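The following paragraphs lead through a protein model from its sheet to its helix, its turns and its largest pocket. The reader is invited to keep the coordinates open alongside the text.

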Amino acid sequence: MCRFPINDPKMMAPINRLMRGGLQVLDINTRFRRPIVEVDRPFESWRGKEVEITERKDGKSSQVKMLIWRGMHVIWRECG
């Protein structure tokens, strides 16, 4: 379970929108100018607009999909 920035309403508004839309928020990183939010799957309207990037986490590289949405990087992993 990740720690949500509940004391920052400007940051929580888009996160609440993701959760109300049925997405599960897996991880949040707010240390950068543009926060990074990892979700379990994308919205259908995001299909075709995302870019594929290589993420390096814990010394391992993996391919993830990324989209800039409401001022934050939203990433998810494709299963398959």
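Two strands are taken to pair if DSSP finds at least two bridges between them. With that criterion in place, β1 and β2 can be described as a hairpin with six residues between the two strands. The model is a predicted one. Strand β1 covers residues 25-29 and strand β2 residues 36-39; the two run antiparallel and are joined by four bridges. One of the pairs across this hairpin is Val25 with Val39, the latter in β2.

The next pair of strands to consider is β3 and β4. Strand β3 spans residues 51-57, strand β4 spans residues 60-69, and seven bridges join them in the antiparallel sense. Within this pairing, Glu55 faces Ser62 of β4. The hairpin of β3 and β4 has two residues between its strands. Asp58 lies in the loop that connects them. What is the phi of Asp58? The angle is near 55°, a positive value in a residue other than glycine. Such values deserve attention, because most residues other than glycine have a negative phi. Asp58 is also exposed, with a relative accessible area of 78%.

A second hairpin with two residues between its strands is formed by β4 and β5. Here β4 pairs with strand β5, residues 72-76, through five bridges, and the two strands again run antiparallel. Leu67 stands across from Val74 of β5. Arg70 is located in the loop between β4 and β5, and its phi, near 50°, is positive although the residue is not glycine. With a relative accessible area of 56%, Arg70 counts as exposed, since the threshold for that class is over 50%.

The hairpins can now be placed in one sheet. In what order do the strands of the open sheet stand? The sheet has five strands, ordered β1-β2-β5-β4-β3, and its pairing is mixed. The edge positions belong to β1 and β3; each has a single partner strand, so one side of each is left without a neighbour in the sheet. On average, neighbouring strands of this sheet are turned by 35° against each other, direction ignored. Strands of a sheet pair through backbone hydrogen bonds, either parallel or antiparallel. The parallel sense is found between β2 and β5, which pair over three bridges. In this pairing, Glu38 has Ile75 of β5 as its bridge partner.

Glu38 merits a closer look. This residue is found in strand β2 and is buried, with a relative accessible area of 9%; the class requires a value under 20%. Apart from residues up to four places away in sequence, Glu38 touches Gln24, Val25, Leu26, Asp27, Lys57, Ile75 and Arg77.

Helix α1 comprises residues 9-20. The helix lies across β1, β2, β4 and β5 and runs at about 165° to β1. Is Ile15 of this helix buried or exposed? Ile15 is buried, its relative accessible area being 0%. Neighbours within four places in sequence aside, Ile15 is in contact with Phe4, Pro5, Val25 and Ile28. Its C-alpha atom is separated by 9.9 Å from that of Met72, although the two residues are 57 residues apart along the chain. Ala13, which also lies in α1, has a relative accessibility of 43% and therefore counts as partly exposed. The C-alpha atoms of Ala13 and Leu26 are separated by 16 Å, with the residues 13 apart along the chain.

The last feature is the empty space at the protein surface. Rolling a probe the size of a water molecule over the atoms shows where empty space is left. The largest pocket has a volume of about 240 Å³. Its lining consists of Asp27, Ile28, Asn29, Ile36, Val37, Glu38, Ile53, Glu55, Lys57, Met66, His73 and Ile75. The elements that contribute two or more residues to this lining are β1, β2, β3 and β5. By residue class, the lining divides into six nonpolar, two polar and four charged residues. Two residues met earlier return here: Glu38 and Glu55 are both among the lining residues.

Note on methods: Residues numbered from 1 in each chain as written. Predicted model: local features only at pLDDT ≥ 70, side-chain atom pairs only at ≥ 80, totals over all residues. Heavy atoms only, no water. Buried < 20%, exposed > 50% of the residue type's maximum accessible area, 1.4 Å probe, protein only. 1 Å grid on protein atoms, 1.4 Å probe; cavity = no way out; pocket = protein on both sides within 12 Å on 5 of 7 lines; lining within 4 Å. Points joined across faces, edges and corners; volume = space filled by probe spheres on them. Nonpolar A, V, L, I, M, F, W, Y, C, P; charged D, E, K, R; others polar. Axes fitted to C-alpha atoms, helices over the stretch in contact; angles between N-to-C directions. Contact = heavy atoms within 4.5 Å.
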